[in-house]
Amino acid sequence: MGSVSRNIIVVAATAIFLAAATAAALTLGASSVSLPELAAWLVGGDVSDMARNILENVRVPRVLAALLAGAALATSGALIQACLDNPLASPNVIGVNSGAGLAVLLAASLVPGALWLTPLAAFIGALATALIIFALSLGTGLSRLTVVLAGIAITTVFGAGMNTILIVDPDAYIGSSTFLVGGLSGVLMRDLAWPAAYIAVGLVAALAGAAKLNILSLGDEAAHSLGVNVRAVRLGMLAVAAVLAGAAVSFAGLIGFVGLVVPHLMRFFVGHDNRWVVPASALAGAAFVVGCDLLARVLFAPYELPVGILLAFIGGPFFIYLILKNKGGGLD
Amino acid sequence: MTECVIRGERTPSCARPADVGARSPECAIRYEGVSFSYKPGVPFMEGLSAAIPAGAVTSIVGPNGCGKSTLVKLAAGLLRPVAGRVEVAGHDTGELASRERAHLMAVLAQSSRVPPMTVEALVACGRHPHLAWGGRLGPDDRAAVEAAMERAGVARFRSHDLRQLSGGERQRAHVARTLAQDTDLIVLDEPTTYLDISACHDLMALVRDLNRREGKTVAMVIHDLDLALRYSDYLVVMQKGRVVDAGPTDEVLASGAVGDAFSMDICPHDRPRFAERGEDFEGRAETERGYVLYPRRR
């Protein structure tokens, strides 16, 4: 089987898995909605008031939030790993999520109630952090592991900043404890409008730039000799990664490890061609977060875990696995 | 067989004025009064002039840190001279957009990195300067990729991951990538660094053949003096950021500049070339020459 045929099958299978996870997430929960009711609601048929209420006010916003956050964070991770040529990099590991989170809390504290400002602030915070990491990795010739350590330091500082804001202005952000670990409970449709626009633009830009990222994998000099403006592509794609991560953080909080785990998983199936890694990661990231959020809701019912906690249980060990896998070479 | 130690007088001048001054298409790369420094106030090259002739194989040789790779990077537009001018095919390379430059010269940079892709995907990267933004290959691009793989002898590895190949096979795949770029000028920066001796000669034979059959101009930075002397039409000898001699290989060797640059005595060694069945010499000499090098006593 050719690699293109195999990749089409992988992407199709991921899309089917995403559809199944979405249907499960819309129907399962504390109050179940049957599949026929879901189908009837989708085509505008007769549905009980309770089912309609649950779907429209609770499940759909939450599942849509999971879809958007998963697709955005996984794609952001794929872009960051390619731009920094670092398998350990992802939006949460290098501090991009924390930068976005700090900016979101700062904006919420200084300009309360400005829904349009939240994703913009998140983008600016994410971009500023990405640029700091980019400057560190290029300007000082830091090893991959040192870039990750710098990310941890940045995350610590920004975490302290977020805690300071929440102590000084406790009402700045409702549900701040969920925000800090990453969660989707209480997300409303109106919270998603602006971030969804950012994410749509980001995904299109990521797909458009994927071919250039393949050339970057040859090394800077080779890419330059092939007519690629290496610095512009790197900065441009990091900005796209910041748009995606920032938009996701603006409504989902500091969800971690999606951007680390999912691109690696998809490279295992579709290889390293970013024209496949990017769309496959977007689909798989969406499916992964939708599925994990469903598990987080039903595992300890009637109690509900923020999905960020479940993702940390999965992502932490995976991060250690990557460190061990790369210890023989590649980290320094 | 010739057994003699050549130890001529050092030629202190830069490239010959006749070569440097030539403003004709015969100059593939021309450096004119180029000054460059890596650190402000610490000049690395001052007023360097040299020429890489078109339609020939030219090796740039010299001890470590003498500026060989800097010359390549100046031509490739990766470094900008603080003074002087670097021309590629008659165009000031600093004024070319990187995509325009990629239509004029293909560079195989020195790198220990092995990109995670198949041979075919790597060679297809060579078509990048010819593609629109989406990066989709058209029928002409696919034909060029196919021809480049065949020409470099890597078509049978097309679906192999580069990490599964030997150093020699991998380097041929990289050469195929430069061929797919479809430029008249190919620049190789230390192409034999990670190769065993047999793979080195295979690669150099390919380079020679590309020049002979397709008229490609090849400029290469190379550490192995024996390879440089055997396979090059012209030599540029560098030392401490200066060109100490440049010209046809035999003349530069006779001048002693190569030996002086490395503190080596260089002994040519001729042997009859035996034609294989069906092979003709195609204008090549009926003897082939190798070189034995002896360190000079300090």
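The domain bounds used on this tour come from an automatic or database domain assignment. Keep in mind, too, that you are looking at a predicted model.

**Stop 1: the two domains of chain B**

Colour chain B in two parts: domain 1 (1-89 + 184-263) and domain 2 (113-183). Where they touch, domain 1 of chain B puts in 10 residues and domain 2 of chain B puts in 8 residues. Now select β7 (185-189) and α7 (197-214) of chain B, the elements that give two or more residues to the side of domain 1 that touches domain 2. Of that side, α7(B) gives the most, with 4 residues. What classes of residue will you find on this side of domain 1 of chain B? Colour by residue class and you should see 8 nonpolar, no polar and 2 charged residues.

**Stop 2: the sheet in chain B**

Stay with chain B and show its strands β2, β1, β4 and β5, which form an open sheet in that order with antiparallel pairing. Which strands stand at the edges? They are β2 (45-53) and β5 (91-92) of chain B; each has a single partner strand, so one side of each is left without a neighbour in the sheet.

Next, zoom in on β1 (residues 27-36) and β4 (residues 83-88) of chain B, an antiparallel pair joined over 5 bridges. To find one of the bridge partners, pick B:E32 and look across to B:R85 in β4(B). Then add helix α2 (residues 68-76) of chain B, which lies across β1, β2 and β4 of chain B and runs at about 110° to β1(B).

**Stop 3: the largest nonpolar core**

Bring both chains back into view. The largest nonpolar core has 194 residues, and the members touching the most others are A:A241, A:A245, A:A248 and B:V237. Select helix α3 (residues 49-84) of chain A as well, since with 18 residues this helix gives the most to the core. On the chain B side, domain 1 (1-89 + 184-263) and domain 2 (113-183) both give residues to this core, so the core lies between them.

Centre the view on B:V237. Leaving out residues up to four places away in sequence, the residues that B:V237 touches include B:V61 and B:G62, along with B:V243, B:V244, B:D245 and B:A246. Further along the chain, B:V252, B:A257, B:V258 and B:A261 also touch B:V237.

Conventions. Residues are numbered from 1 along each chain as its sequence is written. Chains are lettered from A and ligands numbered from 1 in the order in which they are written. This is a predicted model: local features need pLDDT of at least 70, side-chain atom pairs count only at pLDDT 80 or more; totals for chains, interfaces and linings use all residues. A nonpolar core is a set of buried Ala, Val, Leu, Ile, Met, Phe, Trp, Tyr and Cys residues joined through C-beta atoms within 7 Å. A residue is buried if 20 or more other C-beta atoms lie within 10 Å of its own, exposed if 12 or fewer, and partly exposed in between; C-beta atoms are placed from the backbone. Two residues are in contact if their C-beta atoms, placed from the backbone, lie within 7 Å. Two strands pair if DSSP finds at least two bridges between them. Axes are lines fitted to C-alpha atoms, for helices over the stretch in contact, and angles run from 0 to 180 degrees between N-to-C directions. Ala, Val, Leu, Ile, Met, Phe, Trp, Tyr, Cys and Pro count as nonpolar, Asp, Glu, Lys and Arg as charged, and the others, Gly among them, as polar.
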